[in-house]
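Me: I would like a close look at one part of this model, with the rest of the fold brought in where it helps. Please keep it plain.

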Amino acid sequence: MRFLFPAYIVCAALFALATLATDWSQVAELAEKTKADEERSISVAAVRETELQQRITEQRESEMRRRQEEKLLYEKEARLKRKQDIENQCDQMAGNIFDRLRNRSFPGVSYDILRLNTDLAIAKCREAVAESPGNPRFRYQLARALQAQRNPEAKKLLISLSQENYPVA
């Protein structure tokens, strides 16, 4: 029996070692699997982080484009308003009562009244001509203001306008 007890201990020890070896191999496999899962999780997290950064960048760029478009629209509206104000001032100061192409928002101005403000009317109509060079109404109104001041430039403008068949030139 004494002989069996040490053999039993040896067998138990070998069994324990075999079990430990199996457990260690399972632990090693589990560790490798865990490490692979962690690497995959890190990779997925990195991809998600990259996608998030891309979305943030796209949103910022979109916001910048929207602001730039708003700024351009505001500037365009401001230029249009300035142009309309300049044209309205010329119409108001030098519009002919008998010009059927005049701006009907303003009553026409007689020569007597026009003579009182020729310098200002000429300045405003020159600005209107510069803003809208293709519009003969402003050149006519400039010619009218120049004529009220007895400026010889008026005759050249009126001849040019009559050649373009402007009605009251």
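Does C90 count as buried or exposed, and at what relative accessibility? Please start there and work outwards to what surrounds this residue.

Reply: The model is predicted, and what follows is computed from it. C90 has a relative accessibility of 0%; the cut-off for buried is under 20%, so C90 counts as buried.

C90 is joined to C125 by a disulfide, with an S to S distance of 2.2 Å. A search of the whole structure finds one disulfide. The torsion about the S-S bond of C90 and C125 is about 100 degrees, so the disulfide is right-handed. C90 lies in helix α1 and C125 in helix α3, so the pair ties together parts that are 35 residues apart in sequence. The partner is buried too: C125 has a relative accessible area of 0%.

Helix α3 covers residues 118-131, and T118 is found in it. T118 counts as buried because its relative accessibility is 11%. Leaving out residues up to four places away in sequence, T118 touches A145, A148 and Q149.

L114 shares some of these neighbours. With the same sequence neighbours left out, L114 touches A145 and A148, and also M93, A94, V109, A121 and R144. L114 also stands out in the largest nonpolar core, which has 23 residues: together with L142 and L146, L114 touches the most other members. The elements that give two or more residues to this core are α1 (4-94), α3, α4 (136-148) and α5 (153-163). Helix α4 supplies the largest share, seven residues.

The wider fold gives the setting. The secondary structure comes to five helices and zero strands, and from the N terminus on the elements run α-α-α-α-α. Of the 169 residues of the protein, 22% count as buried; C90, C125 and T118 are buried residues. Among contacts with a separation of 6 or more, 58% are between residues 24 or more positions apart. The protein exposes about 12800 Å², and carbon and sulfur atoms supply 58% of that area.

To return to the starting point: C90 is buried at 0% relative accessibility, and its disulfide partner is C125, which is likewise buried.

Technical notes: Residues numbered from 1 in each chain as written. Predicted model: local features only at pLDDT ≥ 70, side-chain atom pairs only at ≥ 80, totals over all residues. Heavy atoms only, no water. Helix = DSSP H or I, 4+ residues; strand = E, 2+ residues; numbered from the N terminus. Buried < 20%, exposed > 50% of the residue type's maximum accessible area, 1.4 Å probe, protein only. Contact = heavy atoms within 4.5 Å. Core = buried A, V, L, I, M, F, W, Y, C linked by side-chain atoms within 4.5 Å. Disulfide = S-S within 2.5 Å. Areas by Shrake-Rupley, 256 points an atom, 1.4 Å probe, with all protein chains shown as cover.
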